[in-house]
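Here is a short tour of the pockets in this model, written for someone who likes to see the cut-offs. Have the viewer open as you read.

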Amino acid sequence: ELGPYAHFMQKEIFEQPGAVANTLEMIFNIHSISPELFGSEAENIFRDTNSILILACGTSYHAGLVARYWLETVAGLPCNVEIASEYRYRNPIADPATLVVGISQSGETADTLASLNYAKSLGHRHSLAICNVAESALIRQADLRFLTRAGPEIGVASTKAFTTQLASLLLLTMTLAKMRHKLSNEYEGKMIAALRHLPAALQLALQVEPQVKAWAERFAQKRHALFLGRGVHYPIAMEGALKLKEISYIHAEAYAAGELKHGPLALVDNEMPIVAIAPNDVLLGKLKSNLQEVQARGGELYVFADADSQIQESEHVHVIRLAEHAGLLSPILHTIPLQLLAYHVALQKGTDVDKPRNLAKAVTVE
Ligand code: M6R
């Protein structure tokens, strides 16, 4: 079953180009995007939608956080993203025209299911499930559904479920943008072409594995790590930190880089590796000045850049550069080296990569 791979996690990381291609299959046959992709009732429901509420846990929650940037920027829709286990015990004010989106690989996460029910009881009219398991409770519970077609994910650490969720959420963003007349024909064509290219772009991103492996040897000696990102790449930093702590048991924390001087900078010394997600986006300039603050305190920087990022390697600044610059799709590509980093650090440490201690694949109890 594992083929040439040592672990399911490794196999699932390398399956991502195919998993994303399967999830986006319809994109290869159409020239324009339509709400039909989300089911026959989607057009009416989307027409009534004036904002989005995303409910999820863990990695699926991080996918939601990325989607918020897309929905605001491309579709002009207000979007809230909530940790399901928190939302279900709050007293939020519901707007019936807010579409509730539940994201879950398994479709069986107890808190996510309960939070969707709760949202409904508060008066939200409609829900959409983004899920990897067709016969799951989440799929049955929601009004609209979109299946990520990642195939079975065995490793406890979620990998291909995340990137396929992101691909689906980008499709949702474009659909809503189009219905709200925010998507020009030209931009739609460009985005479809970019989505078609995504599997090949992921394949290229996977080629950084040997470089990441070399970094992993140094990380395995560390007890703590900081992950930094800004904007849409902040949730990617969060996902990178979650992967590392989950399977290597190294304490990893993610911060929005602008928050550094509000506290975490005190942690920085030459023992603390700092991972930065630094593609060439609108916030790169800001991120670079945050990174200079880290350098000035003796921090060792490990930077994931893209083809267009103006970031120079130096004695304490190590750079791995992805081959392309992916614009809106950049968070999807930047996930790959972070998954590989966690995987190779865990290998160095000899932990049980596919079944990390204390964790279950589907959290079906509260
Ligand atoms: O099946 P779900 O997507 O609802 O699971 C949510 C989380 O339990 C899950 O993403 C968890 O955080 C992963 N182990 C992270 O790798």
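α4 contributes the most to the lining of the largest pocket, giving 3 residues. This is a predicted model, in which local features need pLDDT of at least 70, side-chain atom pairs count only at pLDDT 80 or more, and totals for chains, interfaces and linings use all residues. Residues are numbered from 1 along each chain as its sequence is written, and side-chain values use heavy atoms, with hydrogens and water left out.

A pocket here is an open set of points on a 1 Å grid over the protein atoms alone where a 1.4 Å probe fits, with protein on both sides within 12 Å along at least five of seven lines; lining residues have an atom within 4 Å of a point. Helices (H or I, at least four residues) and strands (E, at least two) are DSSP runs.

In the largest pocket, C57, G58, T59, K361 and V363 lie nearest the centre. Two or more lining residues come from each of α4 (58–75), β3 (98–104), α6 (110–122) and α11 (234–248).

Here are the two pockets, with volume as the space filled by probe spheres set on the points, which are joined across faces, edges and corners.

| Pocket | Volume | Lining |
|---|---|---|
| Largest | about 510 Å³ | 20 residues |
| Second largest | about 290 Å³ | 16 residues |

Around the centre of the second largest pocket, the closest lining residues are T73, V232, D281, V282 and L328. α4 and α13 (330–349) each give two or more residues to that lining, and α4 gives the most, with 3 residues.
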